[in-house]
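Welcome, and please load the model in your viewer. We will go from selection to selection, with a short stop at each.

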Amino acid sequence: MIARGPDGDGRSEVGMVPSTHGRLRKIIHIDMDAFYASVEQRDNPELRGKPVAVGYPEARGVVAAASYEARKFGVHSAMPSVTAKRKCPDLIFVPHRFDVYRSVSRQIHAIFAEYTTLIEPLSLDEAYLDVTENLKGVELATEIAEEIRARIKAETGLTASAGVSYNKFLAKMASDQRKPDGLFVITPKHGPAFVEALPIKKFHGVGPATAEKMKRLGIETGADLKARDLAFLQRHFGKSGPYFYWIARGIDEREVRPDRTRKSIGAEDTFREDIHDLETARAGLMPLIDKVWRYCEANGIRGKTVTLKVKWSDFTQITRSKTTTAPVPSAAEVADIVDLLLSPLFPAPKGIRLLGVTLSSLDTVDNRNEPQLAFAL
């Protein structure tokens, strides 16, 4: 496998480290660059080089995706549209076209399939590939990643970033290092040191709430995490403790699973200040509902069970759920159900520090011929 040095220039041949099962693994993580926004810029030349947001500018609208030109102003997905417009007055909003995004995604996955059958899609624009034994007989994983990126650009006009490593966690971390349109390799030799230097808040699988909890425990880098023993991590993080223990050492035994199916999709947020009133709670839930629904729309799935998660200021938490007889058909109806679960909690007995929304009992739907739903809730 070819490795790039810390500056991205040096190259050297190294072998792969076997897993505890004796397998030699070469994993690629492909992540399309600002996918939805890039598709819009590709299809409309007038948008190229300009700050673009996929979504709706209405008062309750939310940004679904932002171009890199918009990101320079601090605009990002799940941001309320009014905030995005305030940060970037020249921001151009365009409505989403999920039928087009799905079509482009199928093109990209067809390219993947020419190299390996072990493809684990995470979304329309992101996937893991296990190329340890690939269909092309190419020895170097980096060469495969370079070929795939070049073919994506030639066939779709879009750019992709890639991470190459010996496990899924590090491949995912690597793909973020040279965005956009970049390639980064983390070799077995450099894997442990890379993890030790990585800020905890950038760890894949560590959300804002967990990162904040780790910070309170004095864990702010991979090195800090590595210094905690397994018993400590299990005591504070339960079943996630072993995962944190091993990834802090650059070890991740998870397989690339082509048959991977999600049982639920959720989003949560920890607030800087505790929430005490219903309207503020509703406003805090809006981007979370949007994030969940965007995933559902992009992947053609719906769910029957809506769950509200509330964590109080004293770190105790509750969940409230409602299951419908048929899959919930729209973001607006998800919001209505969430509101039915939320409203009885007020007046709140104490401050709310975290809110979360999860949709489960998932099923696939074919909505390619249905009118697309607006992001404004």
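Start by selecting residues 331–342, which form helix α13. This is a predicted model, so a quick check of its geometry makes a good first stop. The helix has 12 residues, and at 1.5 Å a residue it should span 16 Å; the C-alpha atoms at its ends are 16 Å apart, so expectation and model agree.

Now colour the buried residues of α13: A331, V334, I337, V338, L341 and L342. Look down the helix axis. These residues take up an arc of only 140° around it, which means they sit on the same side of α13.

What lies over that side? Show α12 (278–299), β12 (301–312), β13 (317–323) and β14 (352–364), which are among the elements covering the buried residues of α13.

**The four-stranded sheet**

Keep those strands on screen and add β11 (264–275). In which order do the strands of this open sheet run? The order is β11-β14-β12-β13, and the pairing is antiparallel. At the edges stand β11 and β13; each has a single partner strand, so one side of each is left without a neighbour in the sheet. Ignoring direction, neighbouring strands here are turned by 15° against each other on average.

Next, zoom in on the pairing itself. Strands of a sheet pair through backbone hydrogen bonds, either parallel or antiparallel. Between β12 and β14, the antiparallel pairing extends over 11 bridges. To see one of them, select K309 and its bridge partner in β14, G356.

With that pair in view, bring α13 back. This helix packs on the sheet and touches β12, β13 and β14, and its direction makes about 35° with that of β12. Then select residues 208–216, helix α8, which also packs on the sheet. Here the strands touched are β11 and β14, and the direction of α8 makes about 50° with that of β11.

Move on to the pairing of β11 with β14, an antiparallel one with 8 bridges. A handy pair to display is S264 and S360, the latter being its bridge partner in β14.

**The three-stranded sheet**

Hide that region and select β5 (63–66) and β6 (92–94), together with β4 (52–55). These 3 strands make an open sheet in the order β5-β4-β6, with mixed pairing. Both β5 and β6 are edge strands with a single partner strand each, so each has one side without a neighbour in the sheet. From one strand to the next, the twist averages 30°.

How many bridges join β4 to β5? There are 3, and the two strands run antiparallel. Select G55 to find one of these pairs: its bridge partner in β5 is V63.

**Backbone stops in the loops**

Now switch to a backbone view for four loop residues.

- Select K179 and P180: the peptide bond from one to the other is cis, with omega near -5°. P180 is in the loop between α6 (168–175) and β10 (183–185).
- Select F346 and P347: they too are joined by a cis peptide bond, with omega about 0°. P347 brings us back towards the opening stop, as it lies in the loop between α13 and β14.
- Select A78: its phi is near 75°, a positive value in a residue other than glycine. The residue sits in the loop between α2 (68–71) and α3 (81–87).
- Select F315: here phi is again positive, near 75°, and the residue is not glycine. F315 belongs to the loop between β12 and β13.

Stay with F315 and turn on the surface. Is this residue buried, partly exposed or exposed? Its relative accessibility is 38%; since buried means under 20% and exposed over 50%, F315 counts as partly exposed.

**Zooming out**

Finally, show the whole chain, with its 13 helices and 14 strands. Of its 377 residues, 49% are buried. Colour the surface by element: the accessible surface comes to about 17500 Å², and 52% of that belongs to carbon and sulfur atoms. If you draw a contact map, consider the contacts between residues at least 6 apart in sequence: 65% of them join residues at least 24 apart.

Methods
Residues numbered from 1 in each chain as written. Predicted model: local features only at pLDDT ≥ 70, side-chain atom pairs only at ≥ 80, totals over all residues. Heavy atoms only, no water. Buried < 20%, exposed > 50% of the residue type's maximum accessible area, 1.4 Å probe, protein only. Contact = heavy atoms within 4.5 Å. Areas by Shrake-Rupley, 256 points an atom, 1.4 Å probe, with all protein chains shown as cover. Expected span 1.5 Å × (residues − 1). Arc of directions from axis to C-beta. Pairing = 2+ DSSP bridges. Axes fitted to C-alpha atoms, helices over the stretch in contact; angles between N-to-C directions.
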